[in-house]
Amino acid sequence: MRMFHGTGGFQERNIMKKSSKKPLESVVFPMVALPPGEENGMRPADLHQPFIIGLLKTAIGEIPRVSSALSGRDRWGAIKARWDVGRMHYTVDPGLYALGTPDENSPVLVSANYKMSFDRLRRALPGRDAWILVLNTGGINVWCAAGKGTFGTQELVRRMEFCNLSKVLNHRRLILPQLSAPGVASHKVKKFSGFEVVYGPIRAEDLPSFLDSGMKATPAMRIKTFPFRERLVLVPVELVEAMKIYLLILPVLLFLGGLGGPGGFWYNVVHAGFFAAVAVLSAIVAGAVLTPILLPWLPGRAFALKGTWMGGLTAASLVAFLLPGSHTTGGLMELVGWCLLAPAVAAYLGMNFTGASTYTSLSGVKKEMRWAVPMEIGAAVIGLGLWITSRFVA
Amino acid sequence: MEDLIYLKNVVTLKLDQEKCVGCGMCLVVCPHAVLAMNDGHAQIEKKDACMECGACAQNCPTEAITVQAGVGCAAAVINSALGRQGNCCC
């Protein structure tokens, strides 16, 4: 979804206006649809959003002011988003905001309209005056939006023009987060708007020292690491997403556990069904919690392999429960079944963590999936077959 | 902290040194320090560290860099294989 493709966005539109009598809508920016929620045209930011602390009078009208101090409401919103509650609708209005009391010499910082991105930016700048230009990325964070192209050259140039940004400044420079670079072509921004793009540090926390050192980033500011804390905060979303599927299959597991077996249906549900429910839950914890947390220390590079180790650990603990009954054919089948099922589930969830990680390439993910997906499906199908069969074999 | 490395020998990143004008933008935008400057030209130094985000190619004024850019996300690959909307978890 890359934009422009060598054609000139704004220049193109101006030429079209002069030379073409066709309806403008069909020829303006044909590459990318209009931003979500703004299909009928861009709107100024709502001045009554709860985090706005006042208005700043400027040559282009009143600009909403925000503080670098986050409120309890802002923090609670971030916690909810981390737990996948309303995460896809956690937004601020796109547009121009004033942090502190910026003037015509103040820096312009560009961000996405995912509220967590916006909040982390302003939180990093206590006591500073700056303009914050929020792009419409459909409520998606900077890096993901840049990858999709919604945090892109076109949206940036259009938003600047819509907000009349140049009229409040006596400089022509924008500071963008480095991780927006997959979507923004700095030389094209310059060409279309006259504004110079400076890529700031990856982490908002590094912005004060970046600004104070005359906009020089240290090499460490330019490297995206994936430390323990960053992996940890991603775990709840992984877990919640997996639990949504778990709750759907839970009745099926309990029902299958009730079939066959030594006692009546409900007796079996309570015993074998409950065991199956706990076993799958353990495999989910292995793949969606332990694998992300222990990521750098798990052997192998493929995420499915890393998940398999943790699933193996789950299988080992299940074996401890099942070993006493494994002298019968049914008991052995059940044991082998779970030794296949648990690693399959954990490997799949481990593989899914590639999307949240900060260093996996698409080529690599595709290569990994070519062997991992068939193995996960195979192990899951055979494992499930063995477990179900074991319910009917003595 | 040591940068994490994913699978080896899979990355599609290519640099045409003939086209490179040595502006250094690719070094600035790369989040994994894949590129380095050598004798006034960029060169690929740590290819396996590349995550194919496409930032370097997007910001290269002379189109000296090519990469099959995309998001390394298994869920997105599955969704597109199944013809479903929605790219990834983000």
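Q: How many disulfides does the structure hold over all chains?
A: Zero, over all chains. A disulfide here is a pair of cysteine sulfur atoms within 2.5 Å. This is a predicted model: local features need pLDDT of at least 70, side-chain atom pairs count only at pLDDT 80 or more, and totals for chains, interfaces and linings use all residues. Side-chain values use heavy atoms, without hydrogens or water.

Q: Why no bond for C20(B)?
A: The closest cysteine sulfur, in C26(B), is 6.2 Å from the sulfur of C20(B), too far for a bond.

Q: And C20(B), buried or exposed?
A: Buried, at 10% relative accessibility. Buried means under 20% relative accessible area, exposed over 50%, partly exposed in between (1.4 Å probe, protein chains only).

Q: What about C23(B)?
A: C23(B) is in no disulfide either; the nearest cysteine sulfur, that of C60(B), is 6.2 Å away. C23(B) is partly exposed, with a relative accessible area of 46%.

Q: New topic. How much area do chain A and chain B bury between them?
A: About 3800 Å², 63% of it on carbon and sulfur atoms. That is accessible area (1.4 Å probe) lost on putting two parts together, summed over both.

Q: Which three residues supply the most on chain A?
A: R301(A), Y359(A) and L362(A), with 19% of the area that chain A buries against chain B.

Q: How many residues does the contact take from each chain?
A: 48 from chain A and 40 from chain B, with contact meaning heavy atoms within 4.5 Å.

Q: How many salt bridges between chain A and chain B?
A: Zero. The rule wants a side-chain nitrogen of Lys or Arg within 4 Å of a carboxyl oxygen of Asp or Glu.

Note on methods. Residues are numbered from 1 along each chain as its sequence is written. Chains are lettered from A and ligands numbered from 1 in the order in which they are written.
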